[in-house]
Amino acid sequence: GKTIIVTGVASGIGAETAKRVMAAGGRVIGADRNPAALDLAAFHQVDLMDAAALEDLIARLRELRADGLANIAGVPPTAPPDVVLTVNLVALKRLTLGLVDSLADGASIVNLASLAGLGWQDEVAKIRAAEGLTHDAVADFCAAQGITPESSYFFTKQALVAWTHQHRWTWRDRGIRMNAVSPGPVDTPILGDFLETLGERAEEDMRIMDRPGTPQDIAPVVTFLLSPGSVWLRGVNIACDGGMRAHIEATSN
Ligand code: NAI
């Protein structure tokens, strides 16, 4: 079977993705700051906020020559802006770029973005400014760019969508592709944090959608992107949101 690295494997969408990869005969190498409840081929308990621990994780994972990387770990906007930027963007990019040349030919990289990534085109200057951001520079970046608790989460997901598009062809000589999945609200332990911070907006989304998504709605799309059937998808951001993005785009003018 294939070897797939899954971050955020201890909960929600990451745990469901790991289950599905294993059900299809794959080996999951998990990483999370919390212990994983699943019986994985290997698990690394790592806090992605810790730059040194992240480098250590990269060194270990490089030996795997993995077939897939599912970047699913993320924090909601109830976390301080520097934590949101570091976990959702800076650590994700570092892990990916630290691993990519060690991945097997034909490997697939999947980034868990969000409906919150809509509108990245309006944030290009800020996204460019964040390009080479490292762990130790995040706090200063947030201060300089005016990243607030209201904007931090949106900014990370916008930057992630832009980054996914940007790398549509970067590794195509080795058949390595990168795509993103963007859910609307999903019923996981952090849904309450989104409702707390985004308030009426998230409530309204869920009313329009009929119900929040579930990890079972999202994980099959992630596993599709990890599988050979998605080989011609490159730099794509799949809306997996019960129709929310279509609704917003169809009604925005
Ligand atoms: P979750 O909270 O159930 O899972 C996130 C996992 O990431 C947890 O196991 C957590 O321990 C791990 N994590 C967080 N910070 C970490 C750190 N510093 N180091 C290592 N691991 C860390 O949440 P869920 O909903 O499964 O989220 C997965 C992804 O989906 C996130 O990137 C989130 O932004 C995204 N998403 C979630 C939505 C929702 O409404 N639940 C909507 C759209 C996107």
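Two strands count as paired if DSSP finds at least two bridges between them. The exercises below apply this to a predicted model.

**Exercise 1. The sheet**

Work out the strand order of the sheet, the sense of its pairing and its edge strands.

*Solution.*
- Step 1. Strands of a sheet pair through backbone hydrogen bonds, either parallel or antiparallel.
- Step 2. Here 7 strands form an open sheet, and the order reads E3-E2-E1-E4-E5-E6-E7. The pairing is parallel.
- Step 3. Look for strands that pair on one side only: these are E3 (42–45) and E7 (237–240), the edge strands.
- Step 4. From one strand to the next, the twist averages 15°.
- Step 5. Take one pair in detail. E2 (residues 27–32) joins E3 in the parallel sense over 4 bridges. Ala 31 stands opposite His 44 of E3.

**Exercise 2. A helix across the sheet**

Find which strands helix H6 lies across, and give its angle to E6.

*Solution.*
- Step 1. Locate H6 at residues 152–166.
- Step 2. H6 lies across E5 (108–112), E6 (177–183) and E7.
- Step 3. Relative to E6, H6 runs at about 150°.

**Exercise 3. H1 against H9**

Describe how H1 and H9 pack: what are the angle, the axis distance and the handedness of the crossing?

*Solution.*
- Step 1. Two packed helices are described by the angle between their axes and the distance between the axes.
- Step 2. For H1 (residues 12–23) and H9 (residues 215–226), the angle is about 55° and the axes lie 8 Å apart. H1 is therefore oblique to H9.
- Step 3. The crossing of H1 past H9 is right-handed.
- Step 4. H1 contributes Gly 12, Ile 13, Glu 16, Thr 17, Arg 20 and Val 21 to the contact. Residues of H9 in the contact include Pro 215, Ile 218, Val 222 and Leu 226.
- Step 5. Sort the contact residues by class: 8 are nonpolar, 4 polar and 2 charged.

**Exercise 4. H3 and its two partners**

Characterise the packing of H3 with H2 and with H5.

*Solution.*
- Step 1. Start with H2 (residues 51–62) and H3 (residues 81–99). They pack at an angle of about 35°, with axes 9 Å apart.
- Step 2. H2 passes H3 in a right-handed crossing.
- Step 3. On the H2 side, Leu 54, Ile 58, Leu 61 and Arg 62 make the contact. They meet Ala 91, Arg 94, Leu 95, Gly 98 and Leu 99 of H3. The classes are 6 nonpolar, 1 polar and 2 charged.
- Step 4. Turn to H5 (residues 138–145). Its axis and that of H3 come within 9 Å and cross at roughly 115°. So H3 is roughly perpendicular to H5.
- Step 5. H3 passes H5 in a right-handed crossing.
- Step 6. Pro 81, Asp 82, Leu 85, Thr 86 and Val 90 of H3 meet Val 138, Ala 139 and Cys 142 of H5. This contact holds 6 nonpolar, 1 polar and 1 charged residues.

**Exercise 5. The ligand shell**

Which residues come nearest to the ligand, and which helix supplies the largest share of the shell?

*Solution.*
- Step 1. There are 27 residues around the ligand. Gly 8, Ser 11, Gly 12, Gly 74 and Thr 188 come nearest.
- Step 2. Assign shell residues to helices. H1 and H7 (191–198) each supply at least two.
- Step 3. H1 gives the largest share, 3 residues.
- Step 4. Sort the shell by class: 16 nonpolar, 8 polar and 3 charged residues.
- Step 5. Link back to Exercise 3. Gly 12 is among the residues nearest to the ligand, and Gly 12 also belongs to the contact of H1 with H9.

Key: Residues are numbered from 1 along each chain as its sequence is written. This is a predicted model: local features need pLDDT of at least 70, side-chain atom pairs count only at pLDDT 80 or more; totals for chains, interfaces and linings use all residues. Axes are lines fitted to C-alpha atoms, for helices over the stretch in contact, and angles run from 0 to 180 degrees between N-to-C directions. Angles under 35 degrees count as roughly parallel, over 145 as roughly antiparallel, 65 to 115 as roughly perpendicular and the rest as oblique. A crossing is left-handed if the near helix is turned anticlockwise from the far one by less than a right angle, and right-handed if clockwise. Two residues are in contact if their C-beta atoms, placed from the backbone, lie within 7 Å. Ala, Val, Leu, Ile, Met, Phe, Trp, Tyr, Cys and Pro count as nonpolar, Asp, Glu, Lys and Arg as charged, and the others, Gly among them, as polar. A residue is near a molecule or strand if its C-beta atom, placed from the backbone, lies within 6 Å of it.
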